[in-house]
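Hi everyone, thanks for coming. I'd like to walk you through one protein model today, so have the sequence and the 3D view ready.

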Amino acid sequence: MDLNSKKIAILATHGFEQSELEVPRDRLKKAGAAVEVVSLASGEIKGWDKKDWGRPVKVDKTLDQAAATDYDAVVLPGGQINPDLLRVEAKALKFIKDIFDAKKIVAAVCHGPWLLIETGIAKGRKVTSYRSIKTDMENAGAKWQDAEVVVDQGVVTSRNPGDLEAFSAKIIEEIKEGRHTQRSAA
């Protein structure tokens with residue numbers, strides 16, 4: 001089964017880690033999914049590529065134009081800047097929480113799991129993240145693990161750009177499985 005009938009949102013803003021948006025986007029598209037970059041404003045958002053600003057990426061929809069009901073999953077790239085800007089945006093948090101509450105896939109990599117803290121999704125859940133936010137995750141009640149990819153009832157997390165192939169493959173696998181009807185926030 002491919003992802004031809006599936007639609008995925010990548011929620012990001014300026015300062016996303018370049019590879020953490022592009023690799024999942026490209027793998028999901030290759031699997032047949034329709035992938036849209038959703039952001040705070042229209043136009044383009046600029047990535048962060050290791051130690052400096054990276055390439056811009058076109059925004060397909062703003063949060064005002066996007067509805068959680070339109071998507072089968074949301075991917076949350078990391079980088080330090082991107083999730084820090086998004087976690088203070090009520091519309092971004094509501095979008096993530098609405099996808100989670102609909103029992104759909106929520107995937108976050110690197111610093112992206114900060115958004116799982118802000119939405120309450122991390123509490124009581126097995127997750128991983130970039131090691132510098134391990135304490136943040138644990139203080140939020142998450143069960144942090146040092147692993148390439150961790151899945152807990154359709155919530156997919158990975159540590160860093162080195163994990164992106166496993167992260168992308170697991171997102172595809174989870175989308176194929178469908179909704180996680182037994183899932184709830186802690």
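I'll talk about a pocket, a surface patch, some salt bridges, and a few loop residues. One thing to keep in mind is that this is a predicted model.

Let's begin with the pocket. How many residues line the largest pocket? There are 14 of them, and those that lie nearest its centre are E17, W48, K50, G79 and Q80. The volume of this largest pocket comes to about 250 Å³. If you look for the elements around it, α1 (18-30) and β3 (44-49) each give at least two residues to the lining. As for chemistry, the lining is a mix: 5 residues are nonpolar, 5 are polar and 4 are charged. And if you wonder how anyone finds a pocket, rolling a probe the size of a water molecule over the atoms shows where empty space is left.

Now to the surface. Please find W53, I81 and L85, which make a nonpolar patch of about 260 Å². L85 belongs to helix α2, residues 81-86. Is L85 buried, exposed or partly exposed? Its relative accessibility is 39%, so L85 counts as partly exposed.

Next, the salt bridges. The count for the model is 16, and I'd like to show you a few that belong together. Start with R55 and E22, whose side chains meet in a salt bridge with a distance of 2.6 Å from N to O. This pair ties together distant parts of the chain, since R55 sits in strand β4 (residues 52-58) while E22 sits in helix α1, 33 residues apart. The two partners also have their own surroundings. E22 counts as buried because its relative accessibility is 15%, and buried means under 20%. R55 has 41%, so it counts as partly exposed.

R55 has another partner too: D49, with the closest N and O atoms 3.5 Å apart. D49 in turn forms a salt bridge with K50, where the closest N and O atoms are 3.6 Å apart. What do you get when you put these pairs together? E22, D49, K50 and R55 are linked in a network of salt bridges. D49 is partly exposed at 27% relative accessibility, and K50 is exposed at 68%. You may remember K50 from earlier, as it is one of the residues nearest the centre of the largest pocket.

Let's finish with some loops. Which residues have a positive phi although they are not glycines? One is C110, with a phi of about 65°, and another is Q153, with about 50°. This is worth a look because most residues other than glycine have a negative phi. C110 is in the loop between β7 (105-109) and α4 (114-118), and with a relative accessible area of 6% it is buried. Q153 is in the loop between β10 (149-152) and β11 (155-158), and at 36% relative accessibility it counts as partly exposed.

My last stop is T69, in the loop between β5 (61-62) and β6 (73-76). T69 has a relative accessible area of 68%, so it is exposed. Try drawing a line from T69 to G141: their C-alpha atoms are separated by 28 Å, and the two residues are 72 residues apart along the chain.

That's my tour, and I'm happy to take questions.

Key
Residues are numbered from 1 along each chain as its sequence is written. This is a predicted model: local features need pLDDT of at least 70, side-chain atom pairs count only at pLDDT 80 or more; totals for chains, interfaces and linings use all residues. Side-chain values use heavy atoms; hydrogens and water are left out. On a 1 Å grid over the protein atoms alone, a cavity is a set of points where a 1.4 Å probe fits but cannot get out, and a pocket is an open set with protein on both sides within 12 Å along at least five of seven lines; lining residues have an atom within 4 Å of a point. Grid points are joined across faces, edges and corners, and a volume is the space filled by probe spheres set on the points. Helices (H or I, at least four residues) and strands (E, at least two) are DSSP runs, numbered from the N terminus. Ala, Val, Leu, Ile, Met, Phe, Trp, Tyr, Cys and Pro count as nonpolar, Asp, Glu, Lys and Arg as charged, and the others, Gly among them, as polar. Patches are made of residues with over 30% relative accessible area and no salt bridge: like charges are joined within 9 Å, nonpolar side chains (Val, Leu, Ile, Met, Phe, Trp, Tyr) within 5 Å. Accessible areas come from the Shrake-Rupley method with a 1.4 Å probe; for residues, only the protein chains shown count as cover. A salt bridge is a side-chain nitrogen of Lys or Arg within 4 Å of a carboxyl oxygen of Asp or Glu. Buried means under 20% relative accessible area, exposed over 50%, partly exposed in between (1.4 Å probe, protein chains only).
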